[in-house]
Structure formats: C-alpha cells, structure tokens
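Good morning, and thank you for making time for this presentation. I shall speak about a metal site, a bound ligand and a set of charged side chains, in that order.

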Amino acid sequence: MTIRISPSILSADFANLERELQRISTADMVHVDVMDNHFVPNLTLGLPVVERLQQVSPIPLDVHLMITDADRNAPAYAELGAASVTFHLEAATDPVATARAIRSNGARAAVAVKPGTDVAPVLEHLDAYDMILLMTVEPGFGGQSFMPDVMPKLSRARAAVDASGLDVWLEVDGGIALDTVDQAVTSGADTLVAGSAVFGGAPEERIAGLRRAAESAGRAAADGRVA
Ligand code: DX5
Ligand code: ZN
C-alpha cells in the first residue's frame, strides 16, 4: 500500500506561505483548506491565493473545499492546476457531474463527507471519483481530536474500493498524529492529512515520523489480511 502524506497549511504561518511550502517539500502533496465562512464557521483563503500557491509550490496541491455551491465553484480550482480538488458531498447538488467537471479540467476529483454523513451514496458511484475524504473531525478548524467512530465507515469504504479494483485513494483529515495514524491506516486510509502534527514541530521530521508509522501500520494490516 502506498502511503501519501499531505500536510495542511491551515497550521502554517499564513504570512510566509512560500517558505512554509519549502519546509514540507518532502511530503507527497500540500493540503490547502479553502473555507468560506458559510459551509463552515471559518474563513481562510480563496482562488487568487490558491493560484499563487500553485505557482510556487514544490509539491502538488491537494485542495479541500469547505465552501457552499460546490457544483459552481469547484472546477475553477482544477483549472488553475491543482493536482486534486475535493468538494463536500453536503455542498453539492450533482456530485457526479461536479467530479466530471473537475476531471475534465485536469485534476483528480475527490468528494468529502463530514463525520456524520453516510458514505454509501459515494460508494454507489465509485468510478466517478479518484479519492474519497472521510473527515475525522467536524470541518472548520485545525487542532481538534480525532473521531475514532468514523473508522467503521472508513473500513466500509476500503472494502468497496478493494472490491471495485479501481484506484480510488482514501484520505482522512482531522486529528491525524502519531497516536492516531495506526487506527486510520488499519481501517483503510492511504492518504493522511496532518496540520498541527506537522507544523507543531520540525515539519520534515514530523512528516518522516508519520510516514514511518503509517507504513508500518499498512504492513501489519496487509499481513493480517493474508493470515
Ligand atoms: C479542518 C481541516 C483540516 C485541518 C486539520 O477542517 O480540513 O485539514 O487543517 O488539522 P489537524 O491535523 O490539526 O487536525
Ligand atoms: Zn482539510
């Protein structure tokens, strides 16, 4: 299993984003949290800032849109060159069409569900998506506690993806740190967002530590499945 680490710049120094991107250049992607103060009670950054991040980032952009009217607003983030664009199922009227629009603009299309939202409607249209993001906190803020009760939903998504044979990544976001990464990977995650756990120390070391822990959990889970 390939593990991907995607540090969230929500916990970075917003006055020095270019420098912060350099500090996480050993990660696989950079997670960019776009919040509109409507879908979530917080406001971060939007299209013009993400466009500049795309121009200066040494690693691909993993954009997480926490904004209303995803159908109308998401494709522009793909158009500016982001590698992956995630919109929320709760904010979309026609999620399959929105995913198609993201793909046609050249990005991986991903859909996110809040902790209390059923993933079953997403699993019915797995071929429409390149990644599913299962929120492990209520979206809106960094530094919250990981919600282990999301793990059964993650396991169901993992079983559906494996049965389909499709290359759909499973991302978790919220409270991912050394003490929670094991549960997340064992339950089926392969793509890990971490904000406070990466920027709360030396980012390169934190990224390496998370990657080591995740890969060892992945190996243990694979051995368990074979046995
Ligand atoms: C929360 C954001 C997360 C956040 C995670 O709504 O989507 O990406 O930055 O922060 P940590 O890793 O600190 O829980
Ligand atoms: Zn996020």
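Let me begin with the term donor: donors are N, O and S atoms within 2.8 Å of the metal, or 3.2 Å for Na, K and Ca, and sites may look incomplete because water is not among the atoms. The model is predicted, so local features need pLDDT of at least 70 and side-chain atom pairs count only at pLDDT 80 or more, while totals for chains, interfaces and linings use all residues. Residues are numbered from 1 along each chain as its sequence is written, chains are lettered from A and ligands numbered from 1 in the order in which they are written, and side-chain values use heavy atoms, with hydrogens and water left out.

First, the metal. The zinc ion, ligand 2, has as its protein donors H31 through NE2, D33 through OD, H64 through ND1 and D173 through OD, at 2.1 to 2.3 Å. Along the chain, these donors follow the spacing H-x1-D-x30-H-x108-D. H31 belongs to strand β2 (residues 30-35) and H64 to strand β3 (residues 61-66), so this pair ties together parts that are 33 residues apart in sequence. Helices (H or I, at least four residues) and strands (E, at least two) are DSSP runs, numbered from the N terminus.

What is the geometry of the site of the zinc ion? It is octahedral, with angles of 72 to 173 degrees among six donor atoms. For that label, six donors need opposite donors over 155 degrees apart and all others between 65 and 115. For reference, ideal angles for six octahedral donors are 90 or 180 degrees.

Are the two histidines H31 and H64 buried or exposed? H31 is buried, at a relative accessible area of 0%, and H64 is likewise buried, at 0%. Here buried means under 20% relative accessible area, exposed over 50%, and partly exposed in between, with a 1.4 Å probe and protein chains only.

I turn now to ligand 1. Among the 20 residues around this ligand, G140, D173, G175, G195 and S196 come nearest; a residue is near if one of its heavy atoms lies within 4 Å. An oxygen atom of ligand 1 is 2.7 Å from a backbone N or O atom of G140, and an oxygen atom of ligand 1 is 2.8 Å from a backbone N or O atom of G143. The protein covers 100% of the 380 Å² of accessible area that ligand 1 has on its own, by the Shrake-Rupley method with a 1.4 Å probe.

Finally, the charged pairs. A salt bridge is a side-chain nitrogen of Lys or Arg within 4 Å of a carboxyl oxygen of Asp or Glu, and the count comes to eight. R4, R158, D162 and D190 are linked in a network of such bridges. Within the network, D162 and R158 meet at 3.0 Å, N to O; being four residues apart in helix α7 (residues 151-164), they are separated by about one helical turn. R158 also meets D190, at 3.4 Å. Since R158 lies in helix α7 and D190 in the loop between α8 (181-186) and β8 (191-194), that pair ties together parts that are 32 residues apart in sequence. R158 and D190 are both buried, whereas D162 is partly exposed at 46%.

A further bridge joins E20 and R23, the closest N and O atoms being 2.6 Å apart. Both lie in helix α1 (residues 17-23). E20 counts as buried at 3% relative accessibility, and R23 is partly exposed at 34%.

Technical notes
Tetrahedral: all angles 85-135°; square planar, octahedral: opposite > 155°, others 65-115°. Polar contact = N/O pair within 3.5 Å; in protein donor to acceptor, adjacent residues only side chain to side chain.
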